[in-house]
Amino acid sequence: MTMFELLPPAGRDLATHDDVERLAERMDQRFQTVDQHFVQLERRLDDRIDGLRHEMLAAFRGELVSAVSGQTRAVIVATAAATLGIGGLAVTLTRLL
């Protein structure tokens with residue numbers, strides 16, 4: 001194979017150094033645009049994730065408050081029942097003695 005066989009067919013324009021540099025500049029501009037889109041997308045995703053985090057924390061707090069309130073009521077009722085029971089026993093024992 002000779003050097004002439006490696007050349008493109010006659011009539012085709014060859015790219016110059018300036019052509020390659022202009023293409024590189026256009027590609028850089030496009031990549032900067034794509035990078036800006038990714039930055040905006042990342043910000044929007046961060047905002048959505050923060051919103052979901054706040055919603056989940058609020059739901060968790062609501063469930064926690066509900067559970068603690070229920071347990072508190074149960075402890076109060078059990079304490080009152082035990083107090084009444086012990087009081088009833090005390091009254092019964094004083095009548096028997």
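These are my notebook entries on a predicted model of one chain.

**Ground rules**

I number residues from 1 along each chain as its sequence is written. Since I have a predicted model, local features need pLDDT of at least 70 and side-chain atom pairs count only at pLDDT 80 or more, while totals for chains, interfaces and linings use all residues; side-chain values use heavy atoms, with hydrogens and water left out.

**Entry 1: overall form**

I looked up secondary structure first. The chain has two helices and zero strands. Helices (H or I, at least four residues) and strands (E, at least two) are DSSP runs, numbered from the N terminus. Helix 1 covers residues 3-6, and helix 2 covers residues 17-96.

Next I took the dimensions. Along the principal axes, the C-alpha atoms fill a box of roughly 130 × 30 × 15 Å. The radius of gyration is 40 Å, against near 13 Å for a compact globule of 97 residues. That radius is taken over C-alpha atoms, and the globule rule is 2.2 Å times the number of residues to the power 0.38.

**Entry 2: burial and surface**

How much of the chain is buried? I find 0% of the 97 residues buried. Buried means under 20% relative accessible area, exposed over 50%, and partly exposed in between (1.4 Å probe, protein chains only).

I also noted the exposed area of the chain, about 9,400 Å², with 64% of it from carbon and sulfur atoms. Accessible areas come from the Shrake-Rupley method with a 1.4 Å probe; for residues, only the protein chains shown count as cover.

**Entry 3: charges**

I count 11 positive and 14 negative side chains, with the centres of the two sets 17 Å apart. Lys and Arg count as positive, Asp and Glu as negative; His and the chain ends are not counted. Each charge is placed at NZ of Lys, CZ of Arg, CG of Asp or CD of Glu.

Which residues gather in the patch of negative charge? I list Asp18, Glu21, Glu25 and Asp28, on the surface. Patches are made of residues with over 30% relative accessible area and no salt bridge; like charges are joined within 9 Å, and nonpolar side chains (Val, Leu, Ile, Met, Phe, Trp, Tyr) within 5 Å. Glu25 is in helix 2. Glu25 counts as partly exposed because its relative accessibility is 49%.

**Entry 4: the salt bridge**

The structure holds one salt bridge. The term needs a side-chain nitrogen of Lys or Arg within 4 Å of a carboxyl oxygen of Asp or Glu. Which residues form the bridge? Arg22 pairs with Asp19, and their closest N and O atoms are 2.4 Å apart. Side chains of opposite charge can pair when their charged atoms come close. The two residues are three apart in helix 2, so about one helical turn separates Arg22 and Asp19. Arg22 is partly exposed at 45% relative accessible area. Asp19 is partly exposed too, at 29%.

**Entry 5: nonpolar patch**

I then looked for nonpolar surface. Val34, Phe38, Leu41, Leu45 and Ile49 make a patch of about 450 Å². Ile49 belongs to helix 2. At 53% relative accessibility, Ile49 counts as exposed.

**Entry 6: spacings along the chain**

I checked three C-alpha pairs.

- Met3 and Phe31 are 28 residues apart along the chain and 36 Å apart in space. Met3 lies in helix 1 and is exposed, at 63% relative accessibility.
- Glu55 and Gln40 are 15 residues apart, with 23 Å between them. Glu55 sits in helix 2 and is exposed, at 54%.
- Thr92 and Ser69 are 23 residues apart in sequence and 34 Å apart in space. Thr92 is in helix 2 and is partly exposed, at 43%.
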